[in-house]
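Please look through the structure shown below before reading on. The briefing that follows takes the chain as a whole and then turns to a pair of helices.

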Amino acid sequence: MKKILFFPIVLSVFSVSAQIKFAQLDIELPTPNEYRTAAGAPGHAYYQQKADYKMNLTLDDDKQIIRGEEVITYANNSPDVLEYLWLQLDQNIFKPDSDSKLTAVEKMKDFQSIKDVERKLMVFEGGFNIESVSTVNGEKMRYAINKTMMRIDPVKPLGPKQSISFKIKWWYNINDRMKVGGRSGYEYFEKDNNYLYTIAQFFPRMCVYNDVEGWQNKQFLGKGEFTLPFGDYEVSITVPSDHIVAGTGELQNGAAVMTAEQRQRMEKARTSDKPVLIITQQEAENAEKNKATSTKTWTFKAKNVRDFAFATSRKFMWDAQNTTVKGKNILCMSFYPKEGNPLWERYSTKLVAHTIQTYSKYTIDYPYPVAISVHSNQIGMEYPMICFNGGRPNEDGTYSEQTKYGMWGVIIHEVGHNFFPMIINSDERQWSWMDEGLNTFVQYLTEQEWERGFPSGRGPANMITDYMRGDKRFISPIMTNSESIWQFGNNAYGKPAAALNILRETVMGRELFDFAFKTYCERWKFKHPTPADLFRTMEDASGVDLDWFWRGWFYSIDYVDVSLDYVKHFELNTNNPEIEKAANKQVADSKPQFISDIRNKESIKQTMNERDTLIDDFYAKRNIYEVDRLDKKEYEEFQSKLTPEQKKLLESQKQFYELAFTNKGGLVTPLVIQAKFEDSTDQVIRIPAEIWKMDEATVTKVLVFDKPVVSFQLDPFLETADCDTDNNVYPHISSPTRFQLFQQKQNNENPMQRQKRMESGN
């Protein structure tokens, strides 16, 4: 009775255990509704707000101050009545008493250099100074500032399908990025006493109001970036007349701010598939030497963008070229000081064009008319149609390989952000991974199409294993709010990118994945997607149940570590005595001898049955490895009962192998097994993750081959992020670790510098 009950109990335990890993995400995901469907698409009642801006800005190049006035027209497309409006004041993160500073966790070991201490003691009077908030008629409006957020109270609530326009006037001190830090600010060049400004988050911006969060007015603490509505921008920027300005959108008054020669060069660039210099290095160097006292105003317009940023300096070189996506011309441009050369003139704009082309292939067709890369030191930030990128050579013009690849990677990454989140407009304040992780994944694809074997820093599955098997106290699930993430780069960039690579290469296959991913991008371009929209669309468009994958990779800190515990080899018994007895003898002869048997051959001179011949009977005298008439008779009877197909099967010499696996890391995964044969050929077997559906801890599998196997290897192509490859091989192979006996003297020269020194004879 106990044995009968035993099996159902065990099976139910397995079922409940595996149900944790393979349970549907019904509880974790929000309930579908008229705004967002269960298929992951915008619903029939989906809405989003619109915010249009008309701005006039002035840069004070002597005092490093931005002054601005804006008229915001806000359209309420929701079905709700809005009693107040929320705006973001991101510059307030630089106020001396900001929550960002107060909540920073610090230890004395963080202050090991003079610069560390100087930054700690520095008092920078940053943050917005709001001079007025009024109606377009000049009537004062009531407002309240709460740290990095500002609430405006309209005279009367804003009803559905209504809009409101109001004016804000402000100014702020621009931060020195090299001293204060920040995503925007200025870089000071002491040698020529000039500034290069990369300006963003410079104006009070509307918060998002939607069906998910209501008002997304979570305070800006530094990590969780920006959540913004779409709108149209017209921005006029007054700067010293010798400055060159790059901005979001299209320049409206080129005839007023560019020379005739610059305009001619630009016209040539619009039809060129290679970069054309609009401003040469010599021209930029000449501009550095004198500071104009007059001003010019550059005006830009941009439609259906979520933000605006610009860069300005008298130091800029400027080049441009055209690229085409589905017949649409896109002007790709780069702005950079001479300090960026030779890297920037050689590579930047080509990288911009390549990125636009490659991302358009995997996501959506790039919809904007321009794409810009601006160089400043030690930066990587993205905005619609424009991004700010580091990657600076040494003063002598040489650079390390690391600098080159770093510059390539950051340009691809930041230009790629035009797609995530500038167009596929996720909530960065809540979920950093939705733009950084998806962007890093497509960045990897783009890098590999730029140079074969590009040493991508993130993307491949095996590159995330050190992080995933690390100390669990310092690892967060991907589905963690941006401000609460441990190891931000690995969590928000590396792990999601590796997960998507695993989906594409191993779980779904490229064709299914690419279709589903592009479907997500098309559905949610110029809209506000959530994680649930991504998860549901990927399943809906592919027909693949991925709840186990999202649960394991995005909601847990489990990791992949599957061990190949044992392999048992079986062959079909043919019952042919000629074959089986010879095989049995070979097995018996190959067995090691017991020590007593070896020694007894010498110590026991004669056994009893050797002295008395009457002791041995039929069984003792019979050679069990010789085929006799009885064996032949039994075989004939056996054969007479077989069908022709069964006889053929017994003669096929099929090789059976029972493999046992243990899931040590907890994250269920497909099994990719490579069998290598005696004839030096191999075969790869791919088993879906559902093999763990009844028991997430241990599984066995029988594999059948036509020839003998000499070894098995799990994850032979490093595609599942298995964190311990030492237990993936059978029979076990120990890989030695090479060690260096003597520490070599550090050489600070890069290879280009050494080559120059050798050529000069030094």
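**The chain and one helix pair**

If one takes the contacts in the chain between residues at least 6 apart in sequence, 76% of them join residues at least 24 apart. This is a predicted model, and its secondary structure comes to 22 helices and 30 strands.

**Overall dimensions and burial**

- The chain has a radius of gyration of 35 Å, whereas a compact globule of 762 residues would have a value near 27 Å.
- Measured out along its principal axes, the C-alpha trace of the chain spans about 125 × 75 × 55 Å.
- Of the 762 residues in the chain, 51% are buried.

**How helices H10 and H13 are placed**

- Helix H10 covers residues 433-450 and helix H13 covers residues 510-524, and the axes of these two helices come within 14 Å and cross at roughly 140 degrees.
- Because of that crossing angle, H10 counts as oblique to H13, since an angle has to be over 145 degrees to count as roughly antiparallel.
- The crossing in which H10 passes H13 is left-handed.

**Which residues meet between H10 and H13**

- On the H10 side the residues are Met-434, Leu-438, Phe-441 and Val-442, and in H13 they meet Phe-513, Phe-517 and Tyr-520.
- Sorted by class, this contact of H10 with H13 has seven nonpolar residues, with no polar and no charged residues.

Notes:
Residues numbered from 1 in each chain as written. Predicted model: local features only at pLDDT ≥ 70, side-chain atom pairs only at ≥ 80, totals over all residues. Heavy atoms only, no water. Axes fitted to C-alpha atoms, helices over the stretch in contact; angles between N-to-C directions. Helix = DSSP H or I, 4+ residues; strand = E, 2+ residues; numbered from the N terminus. Parallel < 35°, antiparallel > 145°, perpendicular 65-115°, else oblique. Left-handed = near helix turned anticlockwise from the far one by under 90°. Contact = heavy atoms within 4.5 Å. Nonpolar A, V, L, I, M, F, W, Y, C, P; charged D, E, K, R; others polar. Rg over C-alpha atoms; globule rule 2.2 N^0.38 Å. Buried < 20%, exposed > 50% of the residue type's maximum accessible area, 1.4 Å probe, protein only.
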